[in-house]
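Could you walk me through this model in my viewer, one selection at a time? I would like to know what to pick next and what is there.

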Amino acid sequence: MLSNTRTRPRSSRAAFFAVASLVALALLATDALAAQPPVGLGTADSFAVLAGQTVTNTGPTTINGDLGVMPGSAIPGFPPGKVNGAIHAADAVALKAQSDLTTAFNDAAGRTPPALLSADLSGLTLTAGVYKAPGALGLTGALTLDAQGDANAVFIFQAASTLITASASHVNLINGAQPCNVFWQIGSSATFGTTSVFVGNVMALTSISLNNGVTLQGRALARNGSVTLINDTITAGHCAPGTTGGDGGTGGPGGPGGSGDSLNPNQNGTAIFTTVARSVATTVARYGTTRCVDRSFRAVVTGLMIRRVVFSVGTHVIATRNRAPFEARVKDGDGIRTVSARVTFTDATPAKTLKLRSRACSAAASRVAPRRPRTPSTPTGFTG
């Protein structure tokens with residue numbers, strides 16, 4: 001009896017502690033995803049690009065917002081780069097913005113408790129909260145941020161070291177998520193792959209590099225190092241009236257072939273029309289229809305807040321895409337043809353029709369002239 005009496009309390013206590021542990025873990029997860037206030041950027045909010053040493057650009061980059069550098073002063077590459085905002089090089093405004101950036105960086109780094117992330121964000125759908133990667137953070141495919149109908153939803157990402165995105169990777173915002181409420185606190189440097197589409201305020205301790213054709217709906221803010229740009233589009237994200245986030249500064253259109261209206265904060269949609277192979281788009285941009293391109297290629301639309309893309313060749317619809325990747329195969333054909341992409345958005349951005357007019361190369365001759373029948377030869381020395 002005594003033995004049985006002792007056993008039951010021990011089992012009960014073990015069960016109690018097991019349940020208590022599960023409850024504690026559940027509460028921790030709930031706290032990690034609890035509502036967070038936005039990270040205050042202060043005067044850095046008006047900047048689309050801010051660096052510590054230099055801002056270096058190659059090609060027709062478009063910056064919709066202010067550009068600044070402090071304590072460095074060099075900003076080579078503007079023009080051909082275009083800044084739809086003010087430029088502050090080693091002045092009092094840039095100094096104050098860097099000070100406010102440091103405050104914002106430390107604020108984001110100190111948000112707790114975070115939910116732990118794997119090294120690659122691809123394929124994830126995340127709701128509002130604080131997320132942390134103990135080392136490097138990467139994106140090789142698509143990441144979806146779901147506000148669940150709350151326009152004030154705040155997403156904070158903490159990376160102990162680097163952030164690296166692959167070419168053509170992208171971040172999707174759904175159910176009311178806004179670029180102004182997404183914050184990336186990067187412990188060293190951030191690098192964005194060719195034609196990748198990214199969202200949020202990127203605050204890097206060291207440097208930020210955007211490879212060719214990157215679209216960033218947010219900000220590239222580097223505390224100590226440089227920002228390097230190559231034919232990119234950066235638009236400072238501003239929250240809609242009555243929602244969280246900073247007041248913002250100057251905005252602008254969403255980039256080459258893009259859409260969006262900086263005067264209306266409810267219009268954050270962007271769209272860029274390109275091709276795979278990329279040589280097709282490059283040839284068309286440089287030579288128009290004076291040079292021919294491959295008879296078959298993939299038409300690709302990348303951007304932000306895209307709801308649907310309808311692809312057409314002439315008047316014939318060839319594909320309708322309601323989710324990423326927004327692409328269609330353009331097959332065969334000779335002569336001059338126009339490929340259109342009708343893009344609609346999930347926010348108030350007006351629909352946009354993007355076009356690519358090209359001349360297809362003629363099919364290579366594939367037939368070989370038939371051989372003439374050989375006349376039998378008479379063996380030497382044979383008669384008869």
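A charge sits over a ring if NZ of Lys or CZ of Arg is within 6 Å of the ring centre and within 35 degrees of the ring normal. Keep in mind throughout that this is a predicted model.

**Stop 1: a charge over a ring**

With that rule in hand, select Arg-223 and Phe-105. The charged end of Arg-223 lies over the ring of Phe-105, at 4.8 Å from the ring centre.

**Stop 2: the aromatic rings**

Next, show the side chains of Tyr-131, Phe-157, Trp-184, Phe-192 and Phe-198, which ring pairs join into a cluster. The model has 4 aromatic pairs by the rule used here. Zoom in on one of them, Phe-157 with Trp-184: this pair is stacked, with 4.0 Å from centre to centre and 10° between the planes. Now colour by strand to see where the two rings come from. Phe-157 belongs to strand β12 (residues 155-159) and Trp-184 to strand β15 (residues 182-186), so the pair links distant parts of the chain, 27 residues apart. Are these two residues buried or exposed? Phe-157 is buried, at a relative accessible area of 0%, and Trp-184 is buried too, with 0% relative accessibility.

**Stop 3: strand β4 and its neighbours**

Hide the rings and select strand β4, residues 66-69. Look at one side to find Asp-66 and Gly-68, then turn to the other for Leu-67 and Val-69; all of these are buried, and both faces of the strand are covered.

Now add the strands that pair with β4. Strand β1 (residues 47-51) runs parallel to β4, with 4 bridges between them. To find your place along this pairing, pick Val-49, which stands opposite Leu-67 of β4. Strand β6 (residues 87-89) is also parallel to β4, joined to it by 3 bridges. Here the residue to pick is Ala-89 in β6, the bridge partner of Val-69.

**Stop 4: salt bridges**

Side chains of opposite charge can pair when their charged atoms come close. In this model the count is 4 salt bridges, and the tour visits some of them.

Begin with Arg-219 and Asp-45, whose side chains meet at 3.1 Å, N to O. Arg-219 is in strand β19 (residues 215-222), while Asp-45 is in the loop between α1 (2-32) and β1, so this salt bridge ties together parts that lie 174 residues apart in sequence. How accessible are its two ends, in relative terms? Arg-219 has 1% relative accessibility and counts as buried; Asp-45, at 8%, counts as buried as well.

Move on to Asp-107 and Arg-111, which form a salt bridge at 2.8 Å, N to O. Switch on the surface and compare the two residues: Asp-107 is partly exposed, with a relative accessible area of 29%, whereas Arg-111 is buried, with 10%.

For the last selection, take Arg-298 and Glu-327, a salt bridge whose closest N and O atoms are 3.0 Å apart. Arg-298 sits in strand β24 (residues 297-304) and Glu-327 in strand β27 (residues 326-330), so the pair ties together parts 29 residues apart in sequence. On the surface view, Arg-298 is partly exposed, at a relative accessible area of 30%, and Glu-327 is partly exposed, at 21%.

Key. Residues numbered from 1 in each chain as written. Predicted model: local features only at pLDDT ≥ 70, side-chain atom pairs only at ≥ 80, totals over all residues. Heavy atoms only, no water. Phe/Tyr/Trp six-rings, centres within 6.5 Å; stacked < 30°, edge-to-face > 60°. Helix = DSSP H or I, 4+ residues; strand = E, 2+ residues; numbered from the N terminus. Buried < 20%, exposed > 50% of the residue type's maximum accessible area, 1.4 Å probe, protein only. Pairing = 2+ DSSP bridges.
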